[in-house]
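Please open the structure in your viewer and keep the selection tool at hand. The tour proceeds stop by stop, stating at each one what to select and what is found there.

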Amino acid sequence: MIRKVRVEDAAAICNIYNYYVDDTIITFEEESVDIAEMENRIKQIDANFPWFVYCDQNNAEKVLGYAYAASWRSRSAYKYSVESSVYIDKNHAGKGVGTKLYQELINKLATLGYHAVIGGIAIPNDNSIKLHKRLGFEKVAHFNQVGKKFEQWVDVEYWQLLLDKHTPQKISPA
């Protein structure tokens with residue numbers, strides 16, 4: 001089940017996200033995020049952009065993943081482009097949750113009149129690359145050693161989907 005995020009989802013979102021903060025290079029954030037901070041992020045982003053959560057079929061309160069869009073850049077000419085983020089509970093990765101969430105987000109962004117969706121991927125991240133390719137994104141940039149986490153330099157790729165070429169996809173039930 002996919003639904004709009006609620007502030008009450010902050011604890012579950014922290015549980016998902018902080019694994020990536022604490023144990024991976026997938027996000028360049030280096031300090032775990034507390035519930036109060038995540039509540040603020042939800043309020044700020046959800047006020048202007050779509051944010052969805054994917055819940056367990058048997059428990060609508062158990063969040064298994066989330067996806068949202070945010071500003072790409074602050075200058076007004078960028079207002080039709082967004083940056084996307086998708087995070088899946090580590091125990092549910094590879095089960096189609098990310099694809100369904102991302103497709104829901106993309107469909108919503110298209111109906112809202114956005115033109116471009118940009119996904120940043122810390123490399124290596126084969127699962128994220130496969131997800132972006134599956135949904136029609138194209139690699140548009142590769143930046144060498146632009147972040148340093150866990151004492152290693154990390155590359156970042158940017159992948160882009162132009163929504164005027166996008167045909168909304170029907171989301172099959174989970």
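**Charged and nonpolar patches on the surface**

Begin by selecting Asp22, Asp23, Glu30 and Glu31, which form a negative patch on the surface. Please bear in mind throughout that the model is predicted. Within this patch, Asp23 belongs to helix α1, which covers residues 10-23. Asp23 has a relative accessible area of 53% and is therefore classed as exposed.

Next, select Phe28, Phe143 and Val146. These residues make up a nonpolar surface patch, and together they have about 260 Å² of accessible area. Val146 is part of strand β6, residues 138-149. With a relative accessible area of 46%, Val146 is partly exposed.

**The cysteines**

Select Cys14 and Cys55 next. How far is the sulfur of Cys14 from the closest cysteine sulfur? That closest sulfur belongs to Cys55 and lies 16 Å away, which is too far for a bond. A disulfide requires the two sulfur atoms to be within 2.5 Å, and the count of disulfides in this model is zero. Cys14 is buried, at 4% relative accessible area, and Cys55 is likewise buried, at 0% relative accessibility.

**Salt bridges**

The model contains five salt bridges. For one of them, select Asp46 and Lys4, whose side chains meet with a distance of 2.6 Å from N to O. This salt bridge links distant parts of the chain, since Asp46 lies in helix α2 (residues 35-46) and Lys4 in strand β1 (residues 2-4), 42 residues apart. Both partners are partly exposed: Asp46 has a relative accessible area of 23%, and Lys4 has a relative accessibility of 47%.

Now move to Glu29 and Arg41. These two residues form a salt bridge in which the closest N and O atoms are 2.6 Å apart. Glu29 is in the loop between α1 and α2, whereas Arg41 is in helix α2, so the pair ties together parts that are 12 residues apart in sequence. Glu29 is partly exposed at 24% relative accessibility, and Arg41 is partly exposed with a relative accessible area of 22%.

Keep Arg41 selected and add Glu37. The side chains of Arg41 and Glu37 also meet in a salt bridge, at 2.9 Å from N to O. Both residues lie in helix α2, four residues apart, which is about one turn of the helix. Glu37 is partly exposed, at 33% relative accessibility.

For the last stop, display Glu29, Glu37 and Arg41 together. Salt bridges that share partners join these three residues into one network.

Conventions:
Residues numbered from 1 in each chain as written. Predicted model: local features only at pLDDT ≥ 70, side-chain atom pairs only at ≥ 80, totals over all residues. Heavy atoms only, no water. Patch = residues over 30% accessible without salt bridge, like charges linked within 9 Å, V, L, I, M, F, W, Y side chains within 5 Å. Areas by Shrake-Rupley, 256 points an atom, 1.4 Å probe, with all protein chains shown as cover. Salt bridge = Lys/Arg side-chain N within 4 Å of Asp/Glu carboxyl O. Lys, Arg positive; Asp, Glu negative; His and termini not counted. Charge placed at Lys NZ, Arg CZ, Asp CG, Glu CD. Helix = DSSP H or I, 4+ residues; strand = E, 2+ residues; numbered from the N terminus. Buried < 20%, exposed > 50% of the residue type's maximum accessible area, 1.4 Å probe, protein only.
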